[in-house]
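Please examine the model below alongside its sequence. The account that follows moves from the ligand shells to the overall fold and then to local backbone features.

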Amino acid sequence: MKSPERETIVALSSGALPSGVAVIRLSGPQSAVICEAMTGTLPPPRMAALRPIRDRNGLLLDRGLVLFFPGPNSFTGEDCLELHLHGGRAVVESALNAATEYENCRLAEAGEFSRRAFENGKLDLVEAEGLADLLAAETEMQRRLALEQSSGHLSTIYQKWREQLLSARALIEAELDFSDEADIPGSVSDRIWSEMSSLARDVEQVLANLKAGEIIRDGFAIVIAGPPNAGKSSLLNALAHREVAIVTEYAGTTRDVLHCELDIGGYAVHLYDTAGVRDTSEPVEREGIRRAYRKMEEADLVLSLRDYASSAAEELDIPKGIPVLNVVTKIDLYTDSFPQRSEAILISSQSGQGLDTLRSAILTELKERTSTVSLAIPSRLRHAQHLRDAADYIWNAVRAENEGLEIRAEFLRRAADTLGRITGKIDVEMLLGKIFSEFCVGK
Ligand SMILES: Nc1nc2c(c(=O)[nH]1)N(C=O)[C@@H](CNc1ccc(C(=O)N[C@@H](CCC(=O)O)C(=O)O)cc1)CN2
Ligand SMILES: Nc1nc2c(ncn2[C@@H]2O[C@H](COP(=O)(O)OP(=O)(O)OP(=O)(O)O)[C@@H](O)[C@H]2O)c(=O)[nH]1
Ligand SMILES: [Mg+2]
C-alpha cells in the first residue's frame, strides 16, 4: 500500500487583520506545486519575488511577495512557502481558501509548524518552549530570557551534561568488562566519581536559578498592605496610572484583593491592593483582611504602608520570610522637614513625590533576586523537576560506593534519561500536545 503523503499545512502566520502586510505560510510537500500554480513560477530559493497571486480559476487575488524555502533548509525542515499579501480580511481569506483547494493541503492547527520543526529536529523542546515564551513576552526581561532559551543555549548545557553522563557510564561498563581481571588500582572510576559530584553541583546551581526564571517569566508579586486609610489604593492607582481601585476617605473601603500589571525596568510585576488590616467584627471586612493575609503569604515582596501622621507601630503581622519595604504615605500633607524615621521610603500618591524612589527600590530588589551568576535560567517547573531528579540520581550513584558498579552505572543512566526528557530526546509524546498547544495558529 502506498503510504499517504504528508499533508501540507497553511495558516496566516502574521497578526490580527487588517494589517499592513499579512504573511501566509505553507509547509509540506505540496508547497512547490502550490507556489507554481498560484504565482506562475517557483522563485529561486529564499529570494523574494513580486508575483500575482491567483486562485485555481486564474482569478487574481492580490499581488504580493513570494518566498520559497526548499526543505530541509527551512523553519520546519519541510518545503515552505510564504505569501506576503496585503493584510485585508478578504485578501487573506481568499488566499487561504485558494491554497486549501489543492489536494492534501489543509489549515494548520495551533503550533503545528513548530511541532513539525521539532519532529524534523529543527527545534528541541526547550527551544520550542522558549519560542512560545518569546511570542508571549511582554517585557524586556521576558524577551531576553525567552530568546536565550529559544536559541538553544540552555539546551546545549543540558545536552553537554547528558553526554558527560553517557561517557562516564561507558567508562564504567568498560571497567566492568575487565572486572574479572582483578581490581585495577587507581582505576578510572575514582576520577569519574569526582567528576560526577561536580556535575551534580552544576545541576543544582542551575536549579537554584529557577526562582529567578519564574520571577522573570511569570512576574514578580508585590502586595500593598497596611492599616485602613493608609493610602494603599491610592498608591496602586498612582503606579498603574489609572483608577483601578475605589479611593475614599472612609477607613475600610477596599475589601477584595485588587490587581494590576506593571512593567518596572523591563520586569513584569503583579501589584495587589488589599483590605486595610485592623480589628473588626464586621464580617465582610474580616473576610477582606483574611484575604489580605493570604495574599501576603504568596508575595515576593510586601509594601508595608503607613500614613505619616499615624502613630508608629501598627499591628501589621507580615508572614515570616516575606521581604518587606516600609513605605510612609501622604507626605504632601507635611511640608515641614521630615525627621528621618527608620529607613522607610517617603511617598505621596497625590503629588507623586517619592514614587520614583519607590520604583527604583523595587527594581533593585528585582535585580538582586534575578542576578544569577550563570545565564542558565530554567524558567519552567518542568525543567526543575527533571533537574532535581537528575541531581538526585547522580548523588545516588556517587554515594552508592558499596553497591557495585552495575547499580551505580544504572543511576547514571537514569540521570541521563531524565536530562533527555527536558530537551525531548526521551519520552516526549505525552508532552508534545501540551507544549505546542500553547502556540497560536500559524506558528
Ligand atoms: N518571513 C519570515 N520571517 C520570520 C520567520 C519566518 O518563518 N518567516 N521566522 C519564523 O519563526 C523567524 C525567523 N526564524 C527562522 C528560523 C529558521 C529559518 C530557516 O529557514 N532555517 C533554515 C536555514 C537556516 C540558514 O540559512 O541559516 C534551516 O534551519 O535549515 C527561517 C526563519 C522570524 N522571522
Ligand atoms: N493628601 C494625600 N491624601 C492621600 C494620599 N494618598 C491617599 N490619600 C487619601 O487618604 C484617604 C485613603 O486613601 P485610600 O487610598 O483609599 O486608602 P487605603 O489604604 O486604600 O484604605 P482602605 O482601602 O480603607 O484600607 C483618601 O481620602 C485619599 O484621598 C496622599 O498621598 N496625599
Ligand atoms: Mg483601599
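**Ligand shells, fold and backbone**

The shell around ligand 1 is made up of three nonpolar, two polar and two charged residues. Its members are Val23, Phe69, Asn73, Ser74, Phe75, Glu82 and Lys122. The model is a predicted one, and every value discussed here should be read in that light.

Around ligand 2 the shell holds 23 residues, and those closest to the ligand are Gly231, Ser233, Ser234, Thr254 and Gly276. Sorted by class, this shell contains 13 polar, six nonpolar and four charged residues. Helix α9 (residues 232-240) supplies three residues, the largest share of the shell around ligand 2.

How confident is the prediction as a whole, and what are its ipTM and pTM scores? The ipTM is 0.85 and the pTM is 0.84. Per residue, the average pLDDT of the chain is 91, and 91% of the residues reach a score of at least 70.

The chain comprises 14 helices and 12 strands. Its radius of gyration is 29 Å, whereas a compact globule of 443 residues would have a value near 22 Å. Along the principal axes, the C-alpha atoms occupy a box of roughly 85 × 80 × 40 Å. Of the 443 residues in the chain, 39% are buried. Among contacts in the chain with a separation of 6 or more, 61% are between residues 24 or more positions apart.

Helix α12 (residues 381-399) allows a simple check of geometry. At 1.5 Å a residue, its 19 residues should span 27 Å, and the end C-alpha atoms are 27 Å apart, so the expected and modelled spans agree. The buried residues of α12 are His383, Ala384, His386, Leu387, Ala390, Ala391, Tyr393, Ile394 and Ala397. In an α-helix there are 3.6 residues a turn, so residues three or four places apart point the same way. The list of buried positions in α12, running from His383 to Ala397, may be read with that periodicity in mind.

The backbone also has several features to inspect. Most peptide bonds are trans, and most residues other than glycine have a negative phi. Where does the chain contain a cis peptide bond with omega of about -5 degrees? The bond is the one joining Leu17 and Pro18, and Pro18 is found in the loop between β1 (8-12) and β2 (19-27). A cis peptide bond also joins Gly71 and Pro72, with omega of about 0 degrees. Pro72 belongs to the loop between β4 (60-69) and β5 (80-87).

Positive phi values occur at Asn229 and at Lys330. Asn229, although not a glycine, has a phi of about 70 degrees, and its place is the loop between β7 (220-225) and α9. Is Asn229 buried or exposed? Asn229 counts as buried because 22 C-beta neighbours lie inside 10 Å, and the threshold for that class is 20 or more.

Lys330, likewise a residue other than glycine, has a positive phi near 60 degrees. Lys330 is located in the loop between β11 (324-329) and β12 (345-346). With 22 other C-beta atoms within 10 Å, Lys330 is therefore buried.

Key:
Residues numbered from 1 in each chain as written. Chains lettered and ligands numbered in written order. Predicted model: local features only at pLDDT ≥ 70, side-chain atom pairs only at ≥ 80, totals over all residues. Helix = DSSP H or I, 4+ residues; strand = E, 2+ residues; numbered from the N terminus. Rg over C-alpha atoms; globule rule 2.2 N^0.38 Å. Buried ≥ 20, exposed ≤ 12 C-beta atoms within 10 Å, placed from the backbone. Contact = placed C-beta atoms within 7 Å. Near = placed C-beta within 6 Å. Nonpolar A, V, L, I, M, F, W, Y, C, P; charged D, E, K, R; others polar. pLDDT = per-residue confidence, 0-100. Expected span 1.5 Å × (residues − 1).
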